[in-house]
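Here's a quick tour of a protein model, from its core to one of its pockets. Have a look at the chain and the fold before reading on.

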Amino acid sequence: MLNSKKSKTLLLKYKLIQTPGIKTWHKSRETENGTLKIIDRKKNFFKLAQGIYAAPEKIENVYGMSPFIAQVFVGGESLKSFVVAIVIPDKETVLPWSNENLKCNSWSEICNDPAVKALIFEDMLKRGKEGGLNSFEQVKAIHLHPEVLTYEAGFLTLTSKIKRDFCKKYFAKEIETLFNSYKEYV
């Protein structure tokens, strides 16, 4: 928010924009002045125990590149030094793999199988490293949820963005279990 007339004057003079988003300036050889990239919405950031802020949408975008993942919701708490994730596996990719490697009958059984969880988790860690995630941004534990998050069920906005508060409340039990299952070595 702008707090002074001077700030408003500078914005108008230099034709700057005001957004609640977190931004970064990228300088490049192609453009003389560089480009502005909006990283995330300010309200989505959360502070971890070590005082570092994490941007869940940035982390989700990196993990979303995995062929095994249809959707991912990253959560963190101010009393923990790591993040966890609720992952919705991609059926088109996971089903063929599970047919070759497992003896599961239903999609729910597949999502509860430790081998599937390990496969997806290892791919997430690999993509996190390739995507330049810091160690505190890498998820330490995941829960596989068999159902796609939809607007109709209240998980998404009209623009298909995750409703963080709704997901945090809906998955509270799973998130607490994930935090409790991972032993911190701090």
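A nonpolar core here is a set of buried Ala, Val, Leu, Ile, Met, Phe, Trp, Tyr and Cys residues joined through side-chain atoms within 4.5 Å. Buried means under 20% relative accessible area, exposed over 50%, and partly exposed in between, with a 1.4 Å probe and protein chains only as cover. This is a predicted model, so local features need pLDDT of at least 70 and side-chain atom pairs count only at pLDDT 80 or more, while totals for chains, interfaces and linings use all residues. Residues are numbered from 1 along each chain as its sequence is written, and side-chain values use heavy atoms, with hydrogens and water left out.

**The fold**

The protein has seven helices and seven strands, in the order α-β-β-β-β-α-β-β-α-α-α-β-α-α from the N terminus. These are DSSP runs numbered from the N terminus: helices are H or I with at least four residues, strands are E with at least two. Of the 186 residues, 36% count as buried. A contact means heavy atoms within 4.5 Å; among contacts between residues at least 6 apart in sequence, 49% join residues at least 24 apart.

**The cores**

Which residues have the most contacts inside the largest nonpolar core? They're Val87, Ile120 and Met124, in a set of 26 residues. Two or more residues each come from α2 (56-63), β5 (69-76), β6 (83-89), α4 (107-112), α5 (114-130) and β7. Another core, of 15 residues, lies apart from it and includes Ile88, Leu156, Phe171 and Ile175.

Back in the 26-residue core, methionine 124 touches Tyr63, Ile69, Val72, Ala85, Val87, Gln138, Val139 and Ile142, leaving aside neighbours within four places in sequence. Helix α2 is mostly covered, with six of its eight residues buried: Pro56, Glu57, Ile59, Glu60, Val62 and Tyr63.

**Three residues to click on**

| Residue | Element | Relative accessibility |
|---|---|---|
| Aspartate 123 | α5 | 9%, buried |
| Glycine 76 | β5 | 11%, buried |
| Serine 160 | loop between β7 (139-144) and α6 (164-170) | 55%, exposed |

Start with aspartate 123: its side chain makes a polar contact with the side chain of serine 66, at 2.4 Å. (A polar contact is a pair of N or O atoms within 3.5 Å; within protein, one must be able to donate a hydrogen and the other to accept it, and residues adjacent in sequence count only if both atoms are side-chain atoms.) Beyond four places in sequence, aspartate 123 is in contact with Ser66, Pro67 and Phe68.

Glycine 76 touches Phe46, Leu48, Phe82, Val83, Lys168 and Phe179, not counting residues up to four places away in sequence. Glycine 76 and alanine 54 are 22 residues apart in sequence, with their C-alpha atoms 8.1 Å apart.

Serine 160 has a phi near 65°, a positive value in a residue other than glycine.

**The second largest pocket**

Serine 160 turns up again here, listed with Glu60, Asn61, Val72 and Ile162 as closest to the centre of the second largest pocket, out of 14 lining residues. On a 1 Å grid over the protein atoms alone, a pocket is an open set of points where a 1.4 Å probe fits, with protein on both sides within 12 Å along at least five of seven lines; lining residues have an atom within 4 Å of a point. About 250 Å³ of space lies in this pocket, a volume being the space filled by probe spheres set on the points, which are joined across faces, edges and corners. β5 gives the most to the lining, with four residues, and α2 supplies at least two.
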